[in-house]
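Work through the exercises below with the sequence and the 3D structure at hand. Try each task before reading its solution.

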Amino acid sequence: MTIAITGATGQLGSAVIKYLQEQNSTEKIVAVVRDIEKARAQFEGTDVEVRFGDYDEPVTLPNAFEGADKLLLVSSPSYDDPLRVVQHANAVKAARDAGVGHIFYTSIAFADESKLSLAPLHVATEFAIRTTGIPYTFIRNSLYSDVFINPDLSASVNSGEIVTNTGSGKLNTVTRDDLAKGTAAVLAGEGHENKTYNFVSSTTWTFDELADVLSRVSGKDVKHRNVSFDEQIAYLQQVGLPEGMAVFSASIYDNVANGETARTSTDLKQFIGEETSLEETVRQNLNA
Ligand code: NAP
C-alpha cells in the first residue's frame, strides 16, 4: 500500500506522516513537496520517499502521485481562493491521470453549510474530486486551535487582556496535532470510501473562558475585552497585522460571534479518543 501526502513539509502534513510512522504499518509513504532539499533533511533516516510536486506546475504532479493507492491532498496555504481552486483542480486532474485509488482531502468543517469565507473553496474542491469518480474521503477540519492559542498569547498575559469581536460566541477548534492523529488513523484504515467526517471537537470554548484559563495558568489576571468589528481591525493593525490579515481575522471573529463555529461532532473523537483540552493547549503554548 502506497500513501502519497502533499504539503508534507507543512505542519499538518508532517504530523500526519509522524503518526503514520508511529503506527509501524507496512505502508510506503511518499512525501510530495516543493522543496526537495528541505524534505530530504526532514525525512533523513526514514523510509519516506520524497518526490517533487507543485500545484502551480501541473506537469510535475502525475509523476508525484504515480503508484499511490491513497493520496492525502492537503489544501494549499494560499490566501487567493480562485488561485487555490486552480491549484487543487491541477492536483485532482493529476490524481485521475496517475490512477490514484482513493483521494483524501483536508476540507473545512461542515463545508456545505458553513458561512465561513473559506468554505466555497473547499466545496469547489470536494466537487472537483467527485467529478473523477475516484473513491474519496473528505476530512472536514475545524479551525485550528493553534490559530487562536499560540505563543503570542504571552502578549495577552503581559497586557492583561485579549481583544476580540467574538462577543460570547462559541468556538469549536482542534489542535493540528489532534487533526493529524485522526487523519493518519483514517488514512491507514479501511472502509472510508465516499465518507465525510467533520473533524471538529465534541466541545466548544469562548474567549471569556480562554481568559479564565490564561489567568489560572499564568497566575496573572487576564480579561477578555469585546470590541466592534471596526475596532478589532484597527486594534489588529495597531499590533502589527497587515490590513488584509486584520480584516480576515476580524471576519472570522464575526463568524464566531454569529454562532458559525459552535457546532460539535464526535467524528474525530471516535478516531483519536481523548481530545486535547483548552487548558492543555494553553499550557503547551505557554510552556506552563
Ligand atoms: P503549512 O504549514 O503552511 O503547510 C502548507 C504546505 O503546503 C507546505 O508543505 C507547503 O510547502 C505546501 N505548499 C504551498 N504551496 C504549494 C504548492 N503550490 N504546491 C504544493 N504544495 C504547496 O499549513 P498547515 O498548517 O500544514 O495546514 C495545511 C493546510 O490547512 C493549509 O495549507 C491551509 O490550506 C489549511 N489551513 C487550515 C486552517 C484551519 O484553521 N483549519 C488554518 C491554516 C491553514 P512548502 O514547505 O514548500 O512551503
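**Exercise 1. Charges**

How far apart are the mean positions of the positive and negative charges of the protein?

Solution. The model is a predicted one. Step 1: count the charges, which gives 24 positive and 39 negative ones. Step 2: take the mean position of each set; the two means lie 2 Å apart.

**Exercise 2. Overall build**

Decide whether the protein is as compact as a globular protein of its length, or not.

Solution. Step 1: list the secondary structure, which comprises 13 helices and 11 strands. Step 2: for 288 residues the globule rule gives 19 Å, and the radius of gyration is 20 Å, close to that value, so the protein is as compact as a globular protein of that length. Step 3: add the extents of the C-alpha trace along its principal axes, about 55 × 35 × 35 Å.

**Exercise 3. Surface and contacts**

Describe how the residues of the protein are divided between buried and not buried, and how far along the sequence its contacts reach.

Solution. Step 1: 50% of the 288 residues count as buried. Step 2: the accessible surface amounts to about 13,100 Å², and carbon and sulfur atoms account for 48% of it. Step 3: take the contacts between residues at least 6 apart in sequence; 76% of these join residues at least 24 apart.

**Exercise 4. An annotated range**

Which residues does UniProt list for "domain: NmrA-like", and what is the chain like there?

Solution. Step 1: the UniProt record, an unreviewed entry, lists residues 2-245 under that name. Step 2: over residues 2-245 the chain is 43% helix and 20% strand. Step 3: the end C-alpha atoms of this range are 38 Å apart.

**Exercise 5. Two helix residues**

Is Tyr253 buried or exposed? Classify Glu231 in the same manner.

Solution. Step 1: locate the residues. Tyr253 is in helix H11, residues 243-257, and Glu231 is in helix H10, residues 229-238. Step 2: apply the cut-off of under 20% relative accessible area for buried. Tyr253 has 14%, so Tyr253 is buried. Glu231 has 47%, so Glu231 is partly exposed. Step 3: look for partners of Tyr253. Leaving aside residues up to four places away in sequence, Tyr253 touches Phe148, Thr164, Asn165, Thr166, Phe207 and Gln232. Step 4: compare sequence and space. Tyr253 and Thr166 are 87 residues apart along the chain, with 5.0 Å between their C-alpha atoms. For Glu231 and Thr164, 67 residues apart along the chain, the C-alpha separation is 9.0 Å.

**Exercise 6. Positive phi**

Where do Phe110 and Asn194 lie, and what is the sign of phi in each?

Solution. Step 1: Phe110 lies in the loop between strand S5 (102-108) and helix H5 (119-131). Asn194 lies in the loop between helix H8 (176-188) and strand S10 (195-199). Step 2: phi of Phe110 is positive, near 50 degrees, and Phe110 is not a glycine. Asn194, also not a glycine, has a positive phi of about 55 degrees. Step 3: Phe110 has a relative accessible area of 10% and is therefore buried. Asn194, at 45%, is partly exposed.

**Exercise 7. A distant pair**

What separates the C-alpha atoms of Ala15 and Lys181?

Solution. Step 1: find Ala15 in helix H1, residues 11-22. Step 2: its relative accessibility is 12%, so Ala15 counts as buried. Step 3: Lys181 is 166 residues from Ala15 along the chain, and their C-alpha atoms are 7.6 Å apart.

Technical notes
Residues are numbered from 1 along each chain as its sequence is written. This is a predicted model: local features need pLDDT of at least 70, side-chain atom pairs count only at pLDDT 80 or more; totals for chains, interfaces and linings use all residues. Side-chain values use heavy atoms; hydrogens and water are left out. Helices (H or I, at least four residues) and strands (E, at least two) are DSSP runs, numbered from the N terminus. The radius of gyration is taken over C-alpha atoms; the globule rule is 2.2 Å times the number of residues to the power 0.38. Buried means under 20% relative accessible area, exposed over 50%, partly exposed in between (1.4 Å probe, protein chains only). Contact means heavy atoms within 4.5 Å. Accessible areas come from the Shrake-Rupley method with a 1.4 Å probe; for residues, only the protein chains shown count as cover. Lys and Arg count as positive and Asp and Glu as negative; His and the chain ends are not counted. The place of a charge is taken as NZ of Lys, CZ of Arg, CG of Asp or CD of Glu. UniProt positions are given in the numbering used here, feature names are shortened, and annotations may be inferred rather than shown by experiment.
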